Amino acid sequence: MEKILQIIREENLNVPKHVAIILDGNGRWAKKHNMPRKYGHVQGSKTVEQIIEDGYNMGIEYITVYAFSTENWKRSVDEVEALMKLLQNYLIDCIERSTKNNMQVRVIGDKTGLVPKIVEKINRLEEATKNATGLKFTIAINYGGRDEIRRAMTRIAEDVANQKLEPQMITEDLISSYLDTAGLPDPDLLIRTSGEERLSNFLPWQLAYTEFYFTDVLWPDFKKEDLLTAIRYYNGRDRRFGGGK
């Protein structure tokens with residue numbers, strides 16, 4: 001890691017404050033190694049832990065990962081069950097790791113679509129880490145960007161109907177405050193692994209001015225050197241946010 005930090009200093013790299021990651025390629029990684037798909041997800045979860053640590057050491061303050069989408073329910077029953085079991089174990093282990101590393105963890109997505117056992121573990125994790133002052137780690141579980149916006153619009157409509165809001169009060173900032181990510185800065189950089197180049201319904205509102213970095217590396221193979229490459233790419237972008245030069 002010291003070598004990576006030296007490169008960041010020598011090249012005077014601007015480290016993005018918030019990095020969002022679509023963790024893609026676990027299944028293909030498993031197939032490549034003649035292993036079942038669930039083994040790829042296990043290895044992918046280990047990569048998440050390492051990249052969280054490496055990213056924070058590089059100076060990243062927020063990391064948001066796409067763990068399970070609303071569309072992932074369409075996968076085979078065996079794979080979904082394996083993913084849910086992995087998530088449960090991860091949420092339990094995450095309490096100890098997060099407390100040790102002073103990491104605040106938040107879960108976004110539609111929790112009503114999850115079994116009570118997982119929701120209880122999510123609540124315990126968020127409560128146990130809410131006062132942490134280190135990395136802010138967000139996990140998207142049963143998350144879909146359009147669904148998030150729909151749920152936010154429903155709550156806004158209810159508040160207008162209950163006269164808590166006037167229609168003219170609805171600004172972009174107000175909409176953002178009703179989203180699952182309320183209080184988080186929009187991502188500066190999105191990373192998607194495995195060669196796919198689409199958002200797959202991930203944070204469509206929040207990624208409006210985010211820089212996108214796509215790599216052919218499968219997620220379980222993604223290392224700190226790959227994260228450095230993404231940061232270098234980010235530094236090569238001209239971020240004008242709609243303004244001219």
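Colleague: A crossing counts as left-handed if the near helix is turned anticlockwise from the far one by less than a right angle, and as right-handed if clockwise. Which hand does the crossing of α3 and α8 have?

Modeller: Bear in mind that this is a predicted model, where local features need pLDDT of at least 70, side-chain atom pairs count only at pLDDT 80 or more, and totals for chains, interfaces and linings use all residues. Residues are numbered from 1 along each chain as its sequence is written, and side-chain values use heavy atoms, leaving out hydrogens and water. Helices (H or I, at least four residues) and strands (E, at least two) are DSSP runs, numbered from the N terminus. With those names, the crossing of α3 and α8 is right-handed.

Colleague: Which orientation does α3 have to α8?

Modeller: Axes are lines fitted to C-alpha atoms, for helices over the stretch in contact, with angles from 0 to 180 degrees between N-to-C directions. The axes of α3 and α8 (residues 224-235) come within 10 Å and cross at roughly 45 degrees. Angles under 35 degrees count as roughly parallel, over 145 as roughly antiparallel, 65 to 115 as roughly perpendicular and the rest as oblique. So α3 is, relative to α8, oblique.

Colleague: How many charged residues does the contact of α3 with α8 have?

Modeller: Contact means heavy atoms within 4.5 Å, and here Ile-51, Asp-54, Gly-55 and Met-58 of α3 meet Lys-224, Leu-227, Leu-228 and Ile-231 of α8. Ala, Val, Leu, Ile, Met, Phe, Trp, Tyr, Cys and Pro count as nonpolar, Asp, Glu, Lys and Arg as charged, and the others, Gly among them, as polar. The split is five nonpolar, one polar and, for charged residues, two.

Colleague: And which orientation does α3 have to α4?

Modeller: The axes of α3 (residues 37-58) and α4 (residues 77-100) come within 10 Å and cross at roughly 25 degrees. That angle is why α3 is, relative to α4, roughly parallel.

Colleague: How many nonpolar residues are in the contact of α3 with α4?

Modeller: Residues making this contact include His-41, Val-48 and Ile-52 of α3 and Leu-83, Leu-86 and Tyr-90 of α4. By class there are five charged and two polar residues, while the nonpolar ones number seven.

Colleague: Which element gives the most to the largest nonpolar core?

Modeller: A nonpolar core is a set of buried Ala, Val, Leu, Ile, Met, Phe, Trp, Tyr and Cys residues joined through side-chain atoms within 4.5 Å. The largest has 47 residues, and Ile-8, Ile-21, Phe-137, Ile-139, Ile-191 and Leu-227 have the most contacts inside it. With eight residues, the element that gives the most is α4.

Colleague: Is Gly-59 buried or partly exposed?

Modeller: Gly-59 lies in the loop between α3 and β2 (62-69). Buried means under 20% relative accessible area, exposed over 50%, and partly exposed in between (1.4 Å probe, protein chains only). Because its relative accessibility is 40%, Gly-59 is partly exposed.

Colleague: What separates the C-alpha atoms of Thr-210 and Asp-188?

Modeller: Thr-210 sits in the loop between β5 (189-192) and β6 (211-214), and counts as buried at 9% relative accessibility. Thr-210 and Asp-188 are 22 residues apart along the chain, yet their C-alpha atoms are separated by 5.0 Å.

Colleague: What is the phi of Ser-194?

Modeller: Most residues other than glycine have a negative phi. Ser-194, in the loop between β5 and β6, has a positive one, near 80 degrees.
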